[in-house]
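Visitor: Please pick one part of this model and go through it closely, with the cut-offs behind each term.

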Amino acid sequence: MADAKLQAVLSALSPMARQLNALPSNQPGRDANCVKLNTNENPFPLPMMVMQSALAALERHYLYPEDDNLSLRDAAASAYGLSQDQVVAGNGSSELLGLIYRAFLDPGDSVAMISPGFSFNRKLAKLQGARFLEIEWGESYSLPIEQLLLGPAKDAKFILLANPNNPTGTFVPVAEIDRLVAQSDQLIVVDEAYVDFAPDDALRLVDRHPNLLVLRTLSKGFAAAGIRVGFGFGHPELIGRLRNLQNVFNMNVIGHAMGISILSHRADYDENHRYIKHERHRTTTALSQLGFSVIPSHTNFLLARVPPGRDGKWWQASLDRQNILVAVFPDAGLENFIRVSIGTRTQMDAFLSAARDIISGSMKT
(Lines give C-alpha, C1' and ligand atoms only; values in the text may rest on other atoms or scores of the structure.)
Protein backbone atom coordinates (compact mmCIF):
# COMPACT_ATOMS: atom_id res chain seq x y z
CA MET A 1 0.00 0.00 0.00
CA ALA A 2 2.82 2.41 0.90
CA ASP A 3 4.56 1.75 -2.42
CA ALA A 4 1.33 2.35 -4.32
CA LYS A 5 0.81 5.68 -2.56
CA LEU A 6 4.37 6.70 -3.34
CA GLN A 7 3.94 5.86 -7.01
CA ALA A 8 0.71 7.86 -7.11
CA VAL A 9 2.49 10.87 -5.67
CA LEU A 10 5.42 10.52 -8.08
CA SER A 11 3.11 10.18 -11.06
CA ALA A 12 1.60 13.56 -10.18
CA LEU A 13 4.96 15.25 -10.79
CA SER A 14 5.24 17.30 -13.94
CA PRO A 15 7.00 15.53 -16.84
CA MET A 16 9.87 17.99 -16.47
CA ALA A 17 10.29 17.29 -12.76
CA ARG A 18 10.33 13.54 -13.38
CA GLN A 19 13.28 13.97 -15.75
CA LEU A 20 15.42 15.97 -13.36
CA ASN A 21 18.02 14.40 -11.13
CA ALA A 22 20.03 15.99 -8.35
CA LEU A 23 23.47 17.26 -9.28
CA PRO A 24 26.24 14.85 -8.23
CA SER A 25 28.13 16.05 -5.18
CA ASN A 26 30.68 14.54 -2.86
CA GLN A 27 30.28 16.25 0.50
CA PRO A 28 31.86 13.97 3.11
CA GLY A 29 31.10 14.43 6.79
CA ARG A 30 32.95 16.93 8.92
CA ASP A 31 35.21 14.29 10.44
CA ALA A 32 35.99 12.49 7.19
CA ASN A 33 39.67 11.76 6.74
CA CYS A 34 40.18 13.46 3.40
CA VAL A 35 41.57 16.58 1.74
CA LYS A 36 38.54 18.20 0.16
CA LEU A 37 39.49 20.13 -3.00
CA ASN A 38 36.46 19.42 -5.19
CA THR A 39 33.90 22.20 -4.56
CA ASN A 40 35.97 25.39 -4.32
CA GLU A 41 35.23 26.18 -0.70
CA ASN A 42 37.42 28.68 1.12
CA PRO A 43 38.58 26.66 4.16
CA PHE A 44 39.90 29.50 6.33
CA PRO A 45 38.42 30.78 9.62
CA LEU A 46 36.02 33.68 9.64
CA PRO A 47 37.05 36.95 11.33
CA MET A 48 36.08 37.06 14.99
CA MET A 49 33.66 39.94 14.44
CA VAL A 50 31.76 37.86 11.89
CA MET A 51 31.56 34.89 14.26
CA GLN A 52 30.29 37.16 17.03
CA SER A 53 27.55 38.45 14.73
CA ALA A 54 26.32 34.87 14.27
CA LEU A 55 26.17 34.28 18.02
CA ALA A 56 24.27 37.51 18.54
CA ALA A 57 21.79 36.50 15.81
CA LEU A 58 21.06 33.23 17.61
CA GLU A 59 19.51 35.24 20.43
CA ARG A 60 16.74 36.12 17.96
CA HIS A 61 16.13 32.48 17.02
CA TYR A 62 12.43 32.69 17.93
CA LEU A 63 11.77 35.62 15.57
CA TYR A 64 11.18 35.53 11.84
CA PRO A 65 13.95 37.17 9.82
CA GLU A 66 13.58 40.69 8.53
CA ASP A 67 11.13 41.02 5.67
CA ASP A 68 12.64 41.71 2.21
CA ASN A 69 16.21 41.53 3.58
CA LEU A 70 16.21 45.30 4.03
CA SER A 71 19.25 45.68 6.30
CA LEU A 72 21.29 43.23 4.26
CA ARG A 73 20.42 44.99 1.02
CA ASP A 74 21.30 48.32 2.64
CA ALA A 75 24.69 46.92 3.67
CA ALA A 76 25.40 45.60 0.17
CA ALA A 77 24.33 48.87 -1.45
CA SER A 78 26.62 50.82 0.87
CA ALA A 79 29.55 48.42 0.38
CA TYR A 80 29.36 48.53 -3.41
CA GLY A 81 28.26 52.12 -4.00
CA LEU A 82 24.75 51.43 -5.28
CA SER A 83 21.21 52.19 -4.13
CA GLN A 84 19.09 49.72 -2.19
CA ASP A 85 16.63 49.32 -5.06
CA GLN A 86 19.50 48.07 -7.24
CA VAL A 87 20.13 45.11 -4.89
CA VAL A 88 18.40 41.78 -4.35
CA ALA A 89 19.67 39.42 -1.64
CA GLY A 90 19.26 35.68 -1.85
CA ASN A 91 19.93 32.33 -0.24
CA GLY A 92 23.17 32.10 -2.18
CA SER A 93 23.56 33.33 -5.74
CA SER A 94 22.11 29.98 -6.86
CA GLU A 95 18.69 31.11 -5.61
CA LEU A 96 19.04 34.29 -7.64
CA LEU A 97 19.93 32.32 -10.77
CA GLY A 98 16.71 30.35 -10.31
CA LEU A 99 14.73 33.57 -9.97
CA ILE A 100 16.22 34.90 -13.21
CA TYR A 101 15.07 31.80 -15.10
CA ARG A 102 11.57 32.09 -13.65
CA ALA A 103 11.35 35.83 -14.27
CA PHE A 104 12.54 35.95 -17.88
CA LEU A 105 11.81 32.57 -19.47
CA ASP A 106 8.62 30.90 -20.66
CA PRO A 107 8.53 27.27 -21.82
CA GLY A 108 10.03 27.05 -25.29
CA ASP A 109 12.18 30.17 -24.89
CA SER A 110 15.94 29.87 -25.27
CA VAL A 111 18.78 30.92 -22.99
CA ALA A 112 22.45 30.99 -23.97
CA MET A 113 25.49 30.26 -21.83
CA ILE A 114 29.12 30.62 -22.85
CA SER A 115 30.43 27.11 -22.36
CA PRO A 116 31.99 25.38 -20.57
CA GLY A 117 30.34 27.17 -17.68
CA PHE A 118 28.40 26.55 -14.47
CA SER A 119 26.53 23.29 -15.18
CA PHE A 120 23.67 24.11 -12.78
CA ASN A 121 22.30 26.39 -15.50
CA ARG A 122 21.41 23.38 -17.64
CA LYS A 123 19.18 22.07 -14.88
CA LEU A 124 17.50 25.45 -14.37
CA ALA A 125 16.73 25.73 -18.09
CA LYS A 126 15.29 22.23 -18.20
CA LEU A 127 13.14 22.93 -15.16
CA GLN A 128 11.74 25.99 -16.92
CA GLY A 129 11.11 24.07 -20.13
CA ALA A 130 13.55 26.30 -22.00
CA ARG A 131 16.06 25.54 -24.74
CA PHE A 132 19.63 25.72 -23.47
CA LEU A 133 22.17 26.97 -26.01
CA GLU A 134 25.86 26.49 -25.30
CA ILE A 135 28.14 28.92 -27.12
CA GLU A 136 31.82 28.03 -27.10
CA TRP A 137 34.35 30.47 -25.73
CA GLY A 138 36.57 32.18 -28.28
CA GLU A 139 40.24 31.50 -28.77
CA SER A 140 42.14 31.47 -25.45
CA TYR A 141 38.77 31.75 -23.68
CA SER A 142 38.01 35.18 -25.12
CA LEU A 143 34.47 36.55 -25.27
CA PRO A 144 32.81 35.47 -28.58
CA ILE A 145 30.94 38.74 -29.06
CA GLU A 146 30.18 38.40 -32.77
CA GLN A 147 28.84 34.88 -32.37
CA LEU A 148 26.65 35.97 -29.48
CA LEU A 149 25.24 38.92 -31.39
CA LEU A 150 24.82 37.27 -34.80
CA GLY A 151 24.62 33.53 -34.17
CA PRO A 152 21.94 31.33 -32.56
CA ALA A 153 22.25 33.24 -29.27
CA LYS A 154 20.80 36.40 -30.80
CA ASP A 155 17.28 35.08 -30.15
CA ALA A 156 17.97 33.98 -26.56
CA LYS A 157 16.03 35.76 -23.82
CA PHE A 158 19.26 36.23 -21.90
CA ILE A 159 22.95 35.35 -22.09
CA LEU A 160 24.95 33.97 -19.18
CA LEU A 161 28.65 34.21 -18.58
CA ALA A 162 30.72 33.72 -15.46
CA ASN A 163 33.69 36.02 -14.94
CA PRO A 164 36.00 34.59 -13.75
CA ASN A 165 34.65 31.43 -15.29
CA ASN A 166 33.97 28.09 -13.66
CA PRO A 167 35.35 25.51 -14.40
CA THR A 168 38.17 27.06 -16.45
CA GLY A 169 39.26 29.82 -14.04
CA THR A 170 39.72 32.22 -16.96
CA PHE A 171 38.93 35.95 -16.94
CA VAL A 172 37.50 38.27 -19.60
CA PRO A 173 38.51 41.95 -19.53
CA VAL A 174 35.60 44.04 -18.28
CA ALA A 175 35.90 46.29 -21.35
CA GLU A 176 34.82 43.31 -23.48
CA ILE A 177 31.78 42.71 -21.29
CA ASP A 178 30.95 46.41 -21.55
CA ARG A 179 31.10 46.12 -25.35
CA LEU A 180 28.81 43.07 -25.40
CA VAL A 181 26.20 44.64 -23.13
CA ALA A 182 26.26 47.93 -25.05
CA GLN A 183 25.70 46.21 -28.40
CA SER A 184 23.01 43.79 -27.23
CA ASP A 185 19.32 44.38 -26.54
CA GLN A 186 19.19 41.18 -24.51
CA LEU A 187 19.60 40.75 -20.80
CA ILE A 188 23.22 39.86 -19.97
CA VAL A 189 23.83 38.02 -16.69
CA VAL A 190 27.40 38.13 -15.37
CA ASP A 191 28.08 35.69 -12.53
CA GLU A 192 30.99 37.05 -10.47
CA ALA A 193 31.14 34.30 -7.84
CA TYR A 194 34.96 34.23 -7.99
CA VAL A 195 35.61 37.93 -8.56
CA ASP A 196 37.42 38.42 -5.24
CA PHE A 197 40.41 36.56 -6.71
CA ALA A 198 40.34 38.47 -10.01
CA PRO A 199 41.93 41.76 -11.18
CA ASP A 200 38.68 43.60 -11.99
CA ASP A 201 34.88 43.43 -11.86
CA ALA A 202 31.82 44.52 -13.84
CA LEU A 203 29.83 46.11 -11.02
CA ARG A 204 30.61 49.62 -12.23
CA LEU A 205 28.71 48.83 -15.45
CA VAL A 206 25.39 48.42 -13.65
CA ASP A 207 24.62 52.15 -13.65
CA ARG A 208 25.40 52.40 -17.37
CA HIS A 209 23.43 49.44 -18.74
CA PRO A 210 19.77 48.66 -17.91
CA ASN A 211 20.13 45.20 -19.52
CA LEU A 212 22.86 43.96 -17.14
CA LEU A 213 22.57 41.83 -14.02
CA VAL A 214 25.67 41.09 -11.93
CA LEU A 215 25.63 38.25 -9.39
CA ARG A 216 27.88 37.99 -6.33
CA THR A 217 28.23 35.52 -3.47
CA LEU A 218 29.92 35.41 -0.08
CA SER A 219 30.66 31.69 -0.54
CA LYS A 220 34.05 31.84 -2.28
CA GLY A 221 36.00 34.96 -1.38
CA PHE A 222 34.54 35.27 2.11
CA ALA A 223 34.63 31.65 3.36
CA ALA A 224 30.85 31.54 3.90
CA ALA A 225 29.60 28.79 1.57
CA GLY A 226 27.55 27.23 4.37
CA ILE A 227 25.86 30.52 5.25
CA ARG A 228 24.22 30.91 1.79
CA VAL A 229 24.31 34.64 1.09
CA GLY A 230 24.30 36.04 -2.45
CA PHE A 231 23.44 39.29 -4.19
CA GLY A 232 22.14 40.48 -7.53
CA PHE A 233 22.82 44.00 -8.79
CA GLY A 234 21.05 45.73 -11.64
CA HIS A 235 18.48 48.26 -12.79
CA PRO A 236 15.70 48.77 -10.19
CA GLU A 237 13.02 47.41 -12.55
CA LEU A 238 14.97 44.18 -13.11
CA ILE A 239 15.71 43.84 -9.40
CA GLY A 240 12.10 44.51 -8.48
CA ARG A 241 10.96 41.74 -10.81
CA LEU A 242 13.27 39.26 -9.06
CA ARG A 243 12.28 40.38 -5.57
CA ASN A 244 8.60 39.93 -6.40
CA LEU A 245 9.26 36.24 -7.09
CA GLN A 246 11.12 35.52 -3.86
CA ASN A 247 9.70 33.32 -1.18
CA VAL A 248 8.70 35.01 2.07
CA PHE A 249 11.55 34.93 4.62
CA ASN A 250 13.89 33.40 2.05
CA MET A 251 16.93 33.93 4.31
CA ASN A 252 17.55 33.31 7.99
CA VAL A 253 18.67 35.62 10.80
CA ILE A 254 22.18 34.14 10.89
CA GLY A 255 22.68 34.73 7.17
CA HIS A 256 21.44 38.30 7.56
CA ALA A 257 23.73 39.07 10.49
CA MET A 258 26.83 37.40 9.09
CA GLY A 259 26.28 38.91 5.66
CA ILE A 260 26.10 42.41 7.08
CA SER A 261 29.19 41.79 9.22
CA ILE A 262 31.20 40.37 6.30
CA LEU A 263 30.33 43.36 4.12
CA SER A 264 31.41 45.67 6.94
CA HIS A 265 34.73 43.87 7.42
CA ARG A 266 35.74 43.07 3.84
CA ALA A 267 39.26 44.39 4.42
CA ASP A 268 39.77 41.66 7.01
CA TYR A 269 39.76 39.15 4.15
CA ASP A 270 42.60 40.75 2.21
CA GLU A 271 45.18 38.44 3.76
CA ASN A 272 43.00 35.43 2.97
CA HIS A 273 42.87 36.45 -0.69
CA ARG A 274 46.64 37.03 -0.85
CA TYR A 275 47.25 33.62 0.72
CA ILE A 276 45.03 31.84 -1.80
CA LYS A 277 46.64 33.64 -4.73
CA HIS A 278 50.08 32.67 -3.43
CA GLU A 279 49.07 29.01 -3.07
CA ARG A 280 47.46 29.15 -6.50
CA HIS A 281 50.76 30.28 -8.03
CA ARG A 282 52.83 27.76 -6.03
CA THR A 283 50.54 24.87 -6.95
CA THR A 284 50.51 25.91 -10.62
CA THR A 285 54.31 25.84 -10.70
CA ALA A 286 54.50 22.47 -8.96
CA LEU A 287 51.89 20.87 -11.23
CA SER A 288 53.65 22.17 -14.33
CA GLN A 289 56.86 20.52 -13.14
CA LEU A 290 54.95 17.25 -12.80
CA GLY A 291 53.76 17.35 -16.42
CA PHE A 292 50.34 18.94 -15.98
CA SER A 293 49.27 21.83 -18.20
CA VAL A 294 47.51 24.40 -16.04
CA ILE A 295 45.16 27.06 -17.40
CA PRO A 296 46.06 30.45 -15.85
CA SER A 297 43.48 31.01 -13.12
CA HIS A 298 41.82 34.07 -11.58
CA THR A 299 39.83 32.03 -9.05
CA ASN A 300 40.43 29.87 -5.98
CA PHE A 301 40.86 26.75 -8.12
CA LEU A 302 42.96 25.42 -10.98
CA LEU A 303 41.87 23.53 -14.08
CA ALA A 304 44.76 21.32 -15.13
CA ARG A 305 45.23 19.00 -18.10
CA VAL A 306 46.60 15.74 -16.75
CA PRO A 307 49.81 14.20 -18.10
CA PRO A 308 49.38 12.12 -21.28
CA GLY A 309 48.28 8.52 -21.00
CA ARG A 310 45.40 8.82 -18.51
CA ASP A 311 42.21 10.87 -18.38
CA GLY A 312 40.72 13.05 -15.67
CA LYS A 313 38.45 10.34 -14.23
CA TRP A 314 41.44 8.04 -13.78
CA TRP A 315 43.27 10.79 -11.91
CA GLN A 316 40.22 11.58 -9.81
CA ALA A 317 39.87 7.92 -8.79
CA SER A 318 43.60 7.58 -8.10
CA LEU A 319 43.61 10.69 -5.90
CA ASP A 320 40.44 9.53 -4.15
CA ARG A 321 42.25 6.35 -3.10
CA GLN A 322 44.69 8.64 -1.30
CA ASN A 323 41.80 10.59 0.30
CA ILE A 324 42.22 13.60 -1.99
CA LEU A 325 38.97 14.85 -3.56
CA VAL A 326 39.08 16.77 -6.87
CA ALA A 327 36.46 17.47 -9.57
CA VAL A 328 36.20 16.35 -13.20
CA PHE A 329 34.00 17.58 -16.09
CA PRO A 330 33.96 14.99 -18.89
CA ASP A 331 30.53 16.17 -20.10
CA ALA A 332 31.98 19.62 -20.81
CA GLY A 333 34.61 18.27 -23.20
CA LEU A 334 37.21 18.41 -20.44
CA GLU A 335 37.75 14.69 -20.04
CA ASN A 336 41.53 15.11 -19.76
CA PHE A 337 41.34 17.72 -16.98
CA ILE A 338 40.94 17.83 -13.23
CA ARG A 339 39.80 20.86 -11.22
CA VAL A 340 41.59 21.43 -7.93
CA SER A 341 40.38 23.89 -5.30
CA ILE A 342 43.02 25.98 -3.54
CA GLY A 343 43.09 25.32 0.18
CA THR A 344 45.61 25.64 2.95
CA ARG A 345 49.30 25.00 2.38
CA THR A 346 48.95 21.70 4.23
CA GLN A 347 46.11 20.63 1.96
CA MET A 348 47.97 21.62 -1.19
CA ASP A 349 51.13 19.84 -0.03
CA ALA A 350 49.07 16.68 0.55
CA PHE A 351 47.58 16.95 -2.95
CA LEU A 352 50.97 17.51 -4.61
CA SER A 353 52.52 14.66 -2.66
CA ALA A 354 49.72 12.34 -3.79
CA ALA A 355 50.15 13.48 -7.40
CA ARG A 356 53.88 12.73 -7.24
CA ASP A 357 53.18 9.29 -5.78
CA ILE A 358 50.67 8.52 -8.55
CA ILE A 359 53.09 9.58 -11.28
CA SER A 360 55.88 7.57 -9.68
CA GLY A 361 53.63 4.50 -9.39
CA SER A 362 52.34 4.75 -12.96
CA MET A 363 55.90 4.94 -14.29
CA LYS A 364 56.73 1.71 -12.49
CA THR A 365 53.79 -0.04 -14.16
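Guide: What follows starts from the modified residue listed by UniProt, Lys-220, and then turns to loops, helices and cores.

The model is predicted, with local features requiring pLDDT of at least 70, side-chain atom pairs counting only at pLDDT 80 or more, and totals for chains, interfaces and linings using all residues. Residues are numbered from 1 along each chain as its sequence is written, and side-chain values use heavy atoms, with hydrogens and water left out.

An unreviewed UniProt entry lists Lys-220 as "modified residue: N6-(pyridoxal phosphate)lysine". (UniProt positions follow the numbering used here, feature names are shortened, and annotations may be inferred rather than shown by experiment.) Lys-220 sits in the loop between strand E7 (212-217) and strand E8 (230-234); helices (H or I, at least four residues) and strands (E, at least two) are DSSP runs, numbered from the N terminus. Lys-220 counts as buried because its relative accessibility is 15%; buried means under 20% relative accessible area, exposed over 50% and partly exposed in between, with a 1.4 Å probe and protein chains only. Leaving aside neighbours within four places in sequence, Lys-220 is in contact (heavy atoms within 4.5 Å) with Thr-39, Asn-40, Asn-42, Ala-193, Tyr-194 and Phe-197.

Of these partners, Asn-40 deserves a separate look. Asn-40 belongs to the loop between strand E1 (35-36) and H3, and is buried, with a relative accessible area of 1%. Asn-40 is not a glycine, yet has a positive phi of about 60 degrees. Most residues other than glycine have a negative phi, and most peptide bonds are trans. Asp-68 also departs from the usual sign, with a positive phi of about 65 degrees although it is not a glycine. Asp-68 is in the loop between H3 and H4 and, at 25% relative accessibility, is partly exposed.

Two peptide bonds are cis. One runs from Ser-115 to Pro-116, with omega near 5 degrees, and Pro-116 is in the loop between strand E3 (110-115) and helix H6 (120-128). The other joins Asn-166 and Pro-167, with omega about 20 degrees.

Strands E7 and E8, on either side of the Lys-220 loop, are also among the elements against which the buried residues of helix H9 pack; the others are strand E2 (87-90), helix H5 (93-104) and strand E6 (187-191). In H9 (residues 236-245), the buried residues include Leu-238, Ile-239, Gly-240 and Leu-242.

Phe-231 and Phe-233, with Leu-143, touch the most other members of the largest nonpolar core, which has 51 residues. A nonpolar core is a set of buried Ala, Val, Leu, Ile, Met, Phe, Trp, Tyr and Cys residues joined through side-chain atoms within 4.5 Å. Helix H4 (residues 70-80) supplies the largest share of this core, 6 residues. A second, separate core has 27 residues, among them Ile-276, Phe-292, Leu-302 and Ile-342.

H4 also packs on another helix. Its axis and that of helix H10 (residues 253-264) come within 9 Å and cross at roughly 15 degrees, which means that H4 is roughly parallel to H10. (Axes are lines fitted to C-alpha atoms, for helices over the stretch in contact, and angles run from 0 to 180 degrees between N-to-C directions; under 35 degrees is roughly parallel, over 145 roughly antiparallel, 65 to 115 roughly perpendicular and the rest oblique.) Residues of H4 including Ser-71, Leu-72 and Ala-75 meet residues of H10 including His-256, Gly-259 and Ile-260.
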